[in-house]
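The following exercises concern one protein model and its ligands. Please work through each task before reading its solution.

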Amino acid sequence: MAHARSRKSARPSARRPSARVPKYVYGFANGKADGSSALRSLLGGKGCELAEMTNLGVPVPPGFTITTEAWSAYNASGKKHPPGLWNQVTAGLGRLEAAAGARLGDPARPLLVSVRSGARASMPGMMDTVLNLGLNDQTVEALAKRTRNDRFAWDCYRRFITLFGDVVLSIERRAFDTRLDAAKTRAGVKTDADLPADALRALVTEFKGVVQSQTGRTFPQDPLEQLRLAINAVFDSWWAKKAVDYRRIHRLPDDWGTAVTVMAMVFGNVGPTSGTGVCFSRDPATGERRFFGEFLVNAQGEDVVAGIRTPEPIEALKTRMPAVHKKLTAIKDRLEAHYRDMQDIEFTVQEGRLYILQTRSGKRTGAAAVRIAVEMFAKEKRIDRDTALLRVEPASLHQLLVKTVDQKAKYTAIATGLPATPAAAVGKVVFDPEKAVEMALREEKVILVRPETSPEDVAGMHAAQGVLTSRGGLTSHAAVVARGWGKCCVVGAGDVVVEEENHLFRAGRAVVREGQVVTLNGATGEVIVGAQPLVDPTFSDEFRTLLGWAQDRATTRVRANADTPADASKAREFGAEGIGLVRTEHMFFGEERIPIVRDMIMAGDAQARRKAVDRLLPFQREDFIGIFRAMAPHPVTIRLLDPPLHEFLPKYKEVLEEYTRLDARGFNPERHAELGALKARLEALLEANPMLGHRGCRLGITFPEIYDMQVRAIMEAACQVAGEGLQVEPEIMIPLTGTVAEMKLTREMTDRVARQVIAETGKAVEYSVGTMIEVPRAALVADRIAEHAEFFSFGTNDLTQMTYGYSRDDIGKFLPFYLEKKLLPHDPFAVLDQRGVGELVRIGIDRGRHTVPGLKVGICGEHGGEPSSVEFCHRVGMTYVSCSPYMVPVAWLAAAQGEIKEPRKASGQLLGEAQPKASRPSSARRSRKASRANTKVKLR
Ligand code: PEP
Ligand code: MG
């Protein structure tokens, strides 16, 4: 018998593995397993939990798991089995056969197995599985005989050849599917399930022919050869494109590898007392504590996935198979109690007997995660409070704070960009920001589509429901501004080509005209034609409870970046304990202000400039009064003007065009002269690299009138609000400092005006003056800068830009390629680069605190709301993080998790704000502190 011969030659005698060979195979059968949950890295999630469940006495079909260590050895040696692996596999198979009472390839009692992948982190559907392995021309007959079901046996065989052909032999699945469809047509039936046994038998012959013609070999009849090939194919599926992509998106390392579990097949499709299903121990959408799930009678897992038949809700099992329902309910309770977390369980019933095929911690929505964590601690006392805090992924809280696309929505996206905010929006496409404002005034919902945005577009952006740009990264203007508002924003959608003059944009073959409705899915970056259903944010009691726990537990505090009183109120609502960044340039773009700002820039001399600047003062003062009131008694960090001045003027190209037109026609001399002056000023201001040009404190130093006015506005506002009996804590922040001299000078300028205002108003408002650390040099000379600064705030947007040398507005051009080729692990403007930029942050903090122990240090770059970056900020001892109001809850949770994982030393020394107020540096006490610091510096 060919089969018996080959079996003999392929299966070596099952000897015990030699002492030098690692244990590659871990068995589980009859209530006993070699492994357990503790071996997740070695056995993968599926393998370790099958072992754990076996030990718990949960009914699991017998099997064994090949370790990830075996995968590593196989992978490292050019896809060769390491010595000893096959011996251990066949020994494991022997034990599995004994437990199952059947043998692989046995012509009378054939064992069939599944061969499944399983990484240590769940990668659902990304790797391969082979089912029904062990079938051949002989065993199929035995299966038919034993089950007294010809149809079932031949159906299993045709499924096996299809899956094996696809996964192991790399034959396109279509080759099988077209023949299956033809067979259905010939038999005059609609579904696979209606195909009679004879048709399936004929199909198997056809399928074997496909294998022969496509591989030049007969379909392998030796079950051991089938097993060896299937194990290798599952090993190799670690490198399937979808698996590689999934790991990149979820930031999972490539070197983990997959374990392979070989397990006795159980069948849910052998009749009306069989079935298969998936259940959750709680509702994964809401978190409600109720048994949730679906099942299909007389079906295999594949049928559930294929969606040919609609599964029944799990309650229906109660009437159909009451004993099974009772047992399954008890098992799900047991598993949840054991793992102390919501479980996602796969089960199969074979002729009334229940088997559990997998359990894992169930994926859940943000809302469900919060509810489950809070209830498991507060109501059920199953977990402690820290565990509850660790159970919720900070990023998942986004879903609770903004409108999102309904998860049930089905659609095809025409383009995908970078998801700048998780919010979704629906509206009519408009390309002109002014038109966006007009339409919004008419209560129309619009989506502003631009190649990129600039500060001039702010009104249009604000009026729009969402913003789509074809260029720019996650810290481009559009992204930063929209994030601050929690507004839907998709940036850098490279496939979108905006043809403003034709009032349309193209994306691949799609053409979207002005006025057409689109949906932006901010969570995924997808652009969809038409209106998709959106769902409202939920702000549940559980959410508030969890946020309270996080605030209680975090030692790194959380502030918000906010530019208006409305934003400040929103920030407080979301739990901010102050403002870490007011970008004052955003206040210059109001309708009434722009002409004054332009006068200021166009001014020929300091006197004219001061005149214009003075007209801005009342506006600024009003803004600050509003913000101080909204934030009292918390601190407010106000940054003096940062961007290059030309950003406030019309675009050079437009001015030049109009100027040239008038030039040629020779009329409207007044306008011509005005444009001429504008053009000349623009030319004078034009910079090759504005990001590295005349901005930040360089601007404030060369045009001191501007900073003087801003400091006066801040201090007058502070004095007024203090006069109203509210506590104010203004922190005046100098942007883009790179040298000690810059810091010293701007500090002196600030103190001079502030003292003047205090003297004028007679209100001794305490203020402090600090700096952004966003130029790498500032971090390196932080010890000296700290002699003049009372706090530091890391501007990691610019610090990232200048450390990498990547323009924050142009990174979109090469970032997708860099991510794909793994030249960068992620967008460094979204996730703080801890090794490089983070090292500068560390240096800056260490050196700053060397001069001023306990120096208050924060972060106000976009990273301040990104969970892994927040944890980093906690580890390096920051006093606070500051992020957009909508990220505040996320940051609190990340900060609390940071504290739980790495508790901060109780000294309080590193915390800045945590010290008693009397010991904190303040402007009033500054000179004493600075002289102490000076001594220290000299001593070094
Ligand atoms: C920064 O650079 O991190 C920062 C907060 O400033 P801006 O984004 O305004 O340049
Ligand atoms: Mg900056």
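**Exercise 1.** Determine whether Gly 105 is buried or exposed, and state where Gly 105 lies.

*Solution.* Step 1: the relative accessible area of Gly 105 is 0%, so the residue is buried; buried means under 20% relative accessible area, exposed over 50% and partly exposed in between, with a 1.4 Å probe and protein chains only. Step 2: Gly 105 belongs to the loop between strand S4 (103-104) and strand S5 (110-111). Helices (H or I, at least four residues) and strands (E, at least two) are DSSP runs, numbered from the N terminus. Step 3: a distance of 50 Å separates the C-alpha atom of Gly 105 from that of Arg 371, 266 residues apart along the chain.

The model is predicted: local features need pLDDT of at least 70 and side-chain atom pairs count only at pLDDT 80 or more, while totals for chains, interfaces and linings use all residues. Residues are numbered from 1 along each chain as its sequence is written, chains are lettered from A and ligands numbered from 1 in the order in which they are written, and side-chain values use heavy atoms, with hydrogens and water left out.

**Exercise 2.** Describe the overall composition and extent of the protein chain.

*Solution.* Step 1: the secondary structure comes to 36 helices and 34 strands. Step 2: the C-alpha trace spans about 105 × 70 × 55 Å along its principal axes. Step 3: of the 940 residues in the chain, 56% are buried.

**Exercise 3.** Identify the protein donors of the magnesium ion (ligand 2) and locate them in the chain.

*Solution.* Step 1: Glu 774 (OE) and Asp 798 (OD) are the protein donors, at 2.0 to 2.2 Å from the ion. Donors are N, O and S atoms within 2.8 Å of the metal (3.2 Å for Na, K and Ca); water is not among the atoms, so sites may look incomplete. Step 2: Glu 774 is in the loop between strand S31 (768-773) and helix H29 (776-780), whereas Asp 798 is in helix H31 (residues 796-804); the pair, 24 residues apart, links distant parts of the chain. Step 3: both Glu 774 and Asp 798 are buried.

**Exercise 4.** Characterise the surroundings of ligand 1, starting with the residues that come nearest.

*Solution.* Step 1: ligand 1 has 14 residues around it, of which Arg 583, Arg 639, Gly 795, Asn 797 and Arg 808 come nearest; the criterion is a heavy atom within 4 Å. Step 2: list the polar contacts, that is, pairs of N or O atoms within 3.5 Å.

- A polar side-chain atom of Arg 639 is 2.9 Å from an oxygen atom of ligand 1.
- A polar backbone atom of Gly 795 lies 3.3 Å from an oxygen atom of the ligand.
- A backbone N or O atom of Asp 798 is 2.9 Å from an oxygen atom of ligand 1.

Step 3: on its own, ligand 1 has 290 Å² of accessible area, and the protein covers 95% of it; the areas come from the Shrake-Rupley method with a 1.4 Å probe. Step 4: strand S28 (579-583) and H31 are the elements giving two or more residues to the shell, and H31 gives the most, with three residues.

**Exercise 5.** Establish how strand S24 (residues 517-521) is placed, and in which sheet.

*Solution.* Step 1: four of the five residues of S24 are buried, so the strand is largely enclosed by the rest of the structure. Step 2: S24 pairs in the antiparallel sense with strand S17 (residues 424-430) over five bridges, and strands count as paired if DSSP finds at least two bridges between them. Ala 424 stands opposite Asn 521 in S24. Step 3: S24 also pairs with strand S25 (residues 526-529), in the antiparallel sense over four bridges, and Val 518 stands opposite Val 529 in S25. These two strands form a hairpin with four residues between them, and Gly 525 in the turn has a positive phi of about 85°. Step 4: the open sheet has eight strands in the order S15-S25-S24-S17-S18-S19-S20-S16, with mixed pairing. Strand S15 (415-416) and strand S16 (418-419) stand at the edges with a single partner strand each, so one side of each is left without a neighbour in the sheet.

**Exercise 6.** Examine the backbone geometry of Pro 633 and Asn 132.

*Solution.* Step 1: the peptide bond from Ala 632 to Pro 633 is cis, with omega near 5°; Pro 633 lies in the loop between helix H23 (606-631) and strand S29 (635-639). Step 2: Asn 132 is not a glycine, yet has a positive phi of about 65°. Asn 132 is found in strand S7 (residues 129-133) and counts as buried at 2% relative accessibility.

Key:
Polar contact = N/O pair within 3.5 Å; in protein donor to acceptor, adjacent residues only side chain to side chain.
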